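Me: Let's go through the charged pairs in this one. Can you pull up the structure?

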Amino acid sequence: MNNNNKRSSIRKPLDLDVDVYRFDEHLGRTKTRDISLDGAFIESCSTELCSNDMLELHIHVHDDERNPLCLKATVVRSSDTGVGVQLDYGDMEYRRLLNIISTYAADGNKLNIPGFWYVNSSVN
């Protein structure tokens, strides 16, 4: 068993736009490489990030989205290609994140799986 991999949920490959903030400073817009209910891997942005950096992520599912999913995150690892973050959120953010993970394919297109119950994405 690999002790470096302590995820309690499987990450789903999902390419979403994400604005990265640190202490109200906008560090830039980048992409998620994968995401789960526990964390995500965010591709490198212009600013170097270190372990334990506290971030706020504004995740955009649609280009014209007025209310992105805003999550607190802590950098847990970094590499040349990006950072792994652990997510922190409340009940409403959990529902939106679960909806995103369960209803969107890796390319950002909505899945339509027969018999699968989908949460209304308009719930904030």
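Reply: Here is a run through the salt bridges. This is a predicted model, where local features need pLDDT of at least 70, side-chain atom pairs count only at pLDDT 80 or more, and totals for chains, interfaces and linings use all residues. Residues are numbered from 1 along each chain as its sequence is written, and side-chain values use heavy atoms, with hydrogens and water left out.

Me: How many salt bridges are there?

Reply: The count is seven. A salt bridge here is a side-chain nitrogen of Lys or Arg within 4 Å of a carboxyl oxygen of Asp or Glu.

Me: Which residues are linked in a network?

Reply: Salt bridges link D15, D17, D19, R29 and K31.

Me: What is the N to O distance for D17 and R29?

Reply: It is 4.0 Å. D17 sits in strand β2 (residues 17–22) and R29 in strand β3 (residues 25–35), so the bridge ties parts 12 residues apart in sequence. Strands are DSSP runs (E, at least two residues), numbered from the N terminus.

Me: And D19 with R29?

Reply: That salt bridge is 2.9 Å, N to O. D19 is in strand β2 and R29 in strand β3, so this pair joins parts 10 residues apart.

Me: Is D19 buried or exposed?

Reply: Buried, at 8% relative accessibility. Buried means under 20% relative accessible area, exposed over 50%, partly exposed in between (1.4 Å probe, protein chains only). R29 is partly exposed at 47%.

Me: New topic. Where does D53 sit, and where is its partner R22?

Reply: D53 is in the loop between β4 (39–43) and β5 (54–60), and R22 is in strand β2, 31 residues apart. Their side chains meet in a salt bridge at 3.3 Å, N to O. D53 is buried at 17%, and R22 is buried at 17%.

Technical notes: Helices (H or I, at least four residues) and strands (E, at least two) are DSSP runs, numbered from the N terminus.
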